[in-house]
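Reader: I should be grateful for a close look at one part of this model, the sheet and its surroundings in the second chain. Please set out how the part is put together, and which residues deserve attention.

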Amino acid sequence: MTGRAACVPAFLLAAAVALSLAVPWSDLAALFGQDRGLAWAVLIELRVPRTLLALTYGATLAASGAAVQALFANPLASPDLTGTTSGAALGAVVTAYLIGLSSPVALSIGAVAGALGALLLLLALAGRRAETATLLLAGLAISALAGALTTLALALAPSPFAFYDAYDWLMGSLVDRSLAQAAFAGFPAAAAILLLLRLSRPLDALALGEEVAESMGHDIVRLRRWVVCLTAVGVGACVAICGAIGFVGLVAPIFARRLTGGHPGRAIWPAALIGALLLAAADLAVRAVPLGRTLPIGVLTALLGAPFFLWLVANMRWRIGR
Amino acid sequence: MIRATDIALAGRLRPLSLELERGALVCLVGPNGSGKTSLLHALAGIGGPAGRVEIDGADVARAPRKQRTRLLSFLPASRDIHWPLAGRDVIALSGASAAQIEAVIDLLDLESLTTRRMDRLSTGERSRILIARALAAEPALLLLDEPTANLDPLWQLRLLDLLRGRTALVAMHDLDAALANADRLIVMNEGRVAADGPPEEVMAGSSIGAVFGIERSNGRWRALGQ
């Protein structure tokens, strides 16, 4: 990716961050007004964590999506379509059911374990170089299973309030998270992204096929283990704090590969940039929609992402049929 | 000198040792499933080290990745690339220098193909790009699985010509091409070496008939017993 090409998403991202922190404008003026204490509290306690979570969650989903797509040699692999997000949600719900919602560390560990379980199950079901149909069917089965078990755990919830809280969280939201919660998601997610970036070169070599990559000295078994673990840690940590948000991990890598000439591995960092931008923009859009209550961001990404996914499937079908 | 000691792959390749002279074009023939690809995999370290492979004294399994691209390269029989990369980008994935990439593009006359996406090329054109990828870093040992498959007659001749003088182990099915071009011929059967030596001697021996169930009469290959 050229420096100039990277400037566009970087500039848009900076604009989204600025808007995310400053909208509505009146709040910005209040930072220097008479009630500045309250305005600063709003900025630091509400806006900053929300913006940080949008950036880290978007970047994590997209970087994981790019890495998983490169690993499976399939542009339709992504954390949500492969059941990773549902697995993480199940892990977090089960943990919440067993020990309550009060411990973010336990929730994070539960979500990471759930994501890891889902990814390992996917590898076992779909195989190393998954055909699109097998990958999607295996992902669908894992999502369905995780979804059913999540609903079961919710149905057995001790009180209707607990049920409502968990349901609200499951739909995916960045609202009302504290700085501490943002840190709980942000640190593991940032570490996972940085380590995924180090896998760019072997994942690019994998484009030549597993055998060639191995003959070049890349340890494919270790590479697979790293991608699975880092994706589970990044996605799990974010799901534990913000619930399940879909489609960013599918869409961002597709745009990113256009900037890297189709290279799947070196698309990880532009994907992270685009993913952060997409989720920050989606969060701005959610705030702008006048619905009376805030639309869960997961609903918006699904509303926009699902038609894109359908277009992608139709496009692939046309190409195969041609 | 390339020396492979006690290389084996469970169920596919019986333990064997092999020495290859530098600069020799060695053709590897054998029926389907005889272990040609397995031998190439074992030498390339695919599926983990399958014995000790030394190239000019360097142990391939222990060589750092940068050095390894200069020691050996492997061309698989599959010509599929999973991502829509441009031809030049595929060649660049070899780790070769810019000058080496230009040289190999020139050598295989690929200038018009390098900017096109792999998924928009014919199988033969893709083959040439992938062969260029294997040759680009000028490795000491080339392990090529059916490099002439999908190539038109002219490019089959050109390829075998330009392999001469390089150290290459080439799995192929065309016995006549192997006879005409190889410095040495290895016949594989049931995961072991059935014959090994100068091509004329191997072809004159009984192993070709025994392994393939074919014989040469009046300059043509026929199935035994016909």
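Author: The contact between the two chains takes 19 residues from chain B and 16 residues from chain A. On the side of chain B that touches chain A, the elements that give two or more residues are helix 2 (65-71) and strand 6 (72-75) of chain B. By class, this side of chain B consists of eleven nonpolar, five polar and three charged residues. The model is a predicted one, with scores of ipTM 0.94 and pTM 0.89. For chain B the mean pLDDT is 93, and 100% of its residues reach 70 or more.

The sheet itself comes next. Four strands of chain B form an open sheet in the order 2-1-4-5, and their pairing is antiparallel. Strand 2 (13-20) and strand 5 of chain B stand at the edges; each has a single partner strand, so one side of each is left without a neighbour in the sheet. In general, strands of a sheet pair through backbone hydrogen bonds, in either a parallel or an antiparallel arrangement.

Strand 4 of chain B, residues 52-55, merits particular attention. Strand 1 (residues 2-9) of chain B pairs with strand 4 of chain B in the antiparallel sense, over four bridges. B:Ala4 has B:Val53 of strand 4 of chain B as its bridge partner. With strand 5 (residues 58-59) of chain B, strand 4 of chain B also pairs in the antiparallel sense, here over two bridges. In this pairing, B:Ala58 of strand 5 of chain B stands opposite B:Ile55. The two faces of strand 4 of chain B can be told apart by their cover: B:Val53 and B:Ile55 form the covered face, whereas B:Arg52 and B:Glu54 form the uncovered one. Thus B:Val53, the bridge partner of B:Ala4, and B:Ile55, which stands opposite B:Ala58, belong to the covered face.

Strand 4 and strand 5 of chain B form a hairpin with two residues between the strands, and in this hairpin B:Asp56 takes a positive phi near 50°. A positive phi is also found within the sheet, at B:Asp6, where the value is near 50° in a residue other than glycine. B:Asp6 lies in strand 1 of chain B. As a general background, most residues other than glycine have a negative phi. Is B:Asp6 buried or exposed? B:Asp6 is exposed, because 10 other C-beta atoms lie within 10 Å of its own, and a residue counts as exposed at 12 or fewer.

The helix that accompanies the sheet can now be added. Helix 1 of chain B lies across strand 1, strand 2 and strand 4 of chain B, and runs at about 115° to strand 1 of chain B. Nine of the nine residues of helix 1 (residues 36-44) of chain B are buried, so this helix is largely enclosed by the rest of the structure. The buried residues include B:Lys36, B:Thr37, B:Ser38 and B:His41, together with B:Leu39, B:Leu40, B:Ala42, B:Leu43 and B:Ala44. After helix 1 of chain B comes B:Gly45, whose phi is positive, near 75°.

One further residue of chain B invites comparison. B:Glu146 has a positive phi near 50° and is a residue other than glycine. It is placed in the loop between strand 7 (141-145) and helix 6 (153-163) of chain B. B:Glu146 counts as buried, because it has 21 C-beta neighbours inside 10 Å, and the threshold for a buried residue is 20 or more. Hence B:Asp6 is exposed, whereas B:Glu146 is buried.

To recapitulate the part requested, the open sheet has the strand order 2-1-4-5 in chain B, and helix 1 of chain B lies across strand 1, strand 2 and strand 4 of that chain. Strand 4 of chain B has its covered face at B:Val53 and B:Ile55, and the hairpin it forms with strand 5 of chain B holds the positive phi of B:Asp56.

Terms used
Residues numbered from 1 in each chain as written. Chains lettered and ligands numbered in written order. Predicted model: local features only at pLDDT ≥ 70, side-chain atom pairs only at ≥ 80, totals over all residues. Contact = placed C-beta atoms within 7 Å. Nonpolar A, V, L, I, M, F, W, Y, C, P; charged D, E, K, R; others polar. pLDDT = per-residue confidence, 0-100. Pairing = 2+ DSSP bridges. Axes fitted to C-alpha atoms, helices over the stretch in contact; angles between N-to-C directions.
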